[in-house]
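Reader: Can you walk me through this one? I'd like the core and the charged pairs.

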Amino acid sequence: MEKNVRLRLLYVMEILVEQSDGTHGVTMQNILSWLEGHQIAGERKSVYEDIHALQEYGLTIEYYSEDKTYRLVRD
């Protein structure tokens with residue numbers, strides 16, 4: 001499995017864009033499985049950092065504790 005930080009960040013963004021919206025989210029396990037399926041190494045802490053970086057970039061990513069999902073909110 002490849003440890004490529006730049007690719008991991010892009011794949012985290014891709015799953016959020018493709019599989020989440022204001023009403024449907026992805027769990028941390030969904031994200032980790034997505035990365036594994038693309039041969040990218042990742043662990044919870046690094047994915048949290050990626051999500052934070054994407055938020056700093058300007059994406060509105062919200063965490064919903066009710067179902068423990070992350071959602072990309074589009075206006």
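**Salt bridges and core**

Author: Asp 50 counts as buried, at 5% relative accessibility. Buried means under 20% relative accessible area, exposed over 50%, partly exposed in between (1.4 Å probe, protein chains only). This is a predicted model: local features need pLDDT of at least 70, side-chain atom pairs count only at pLDDT 80 or more, and totals for chains, interfaces and linings use all residues. Residues are numbered from 1 along each chain as its sequence is written, and side-chain values use heavy atoms, without hydrogens and water.

Reader: What does the side chain of Asp 50 meet in a salt bridge?

Author: Arg 8, at 2.5 Å, N to O. A salt bridge puts a side-chain nitrogen of Lys or Arg within 4 Å of a carboxyl oxygen of Asp or Glu. Arg 8 is also buried, at 6%.

Reader: Where do the two sit?

Author: Asp 50 is in helix α3 and Arg 8 in helix α1, 42 residues apart. Helices are DSSP runs (H or I, at least four residues), as are strands (E, at least two), numbered from the N terminus.

Reader: How many salt bridges does the structure hold?

Author: 2. Asp 67 pairs with Arg 71, closest N and O atoms 2.9 Å apart. Asp 67 is partly exposed at 37%, while Arg 71 is buried at 10%.

Reader: Now the core. What does Ile 51 touch?

Author: Val 12, Ile 31, Ile 61 and Tyr 70, leaving out residues up to four places away in sequence. Contact means heavy atoms within 4.5 Å.
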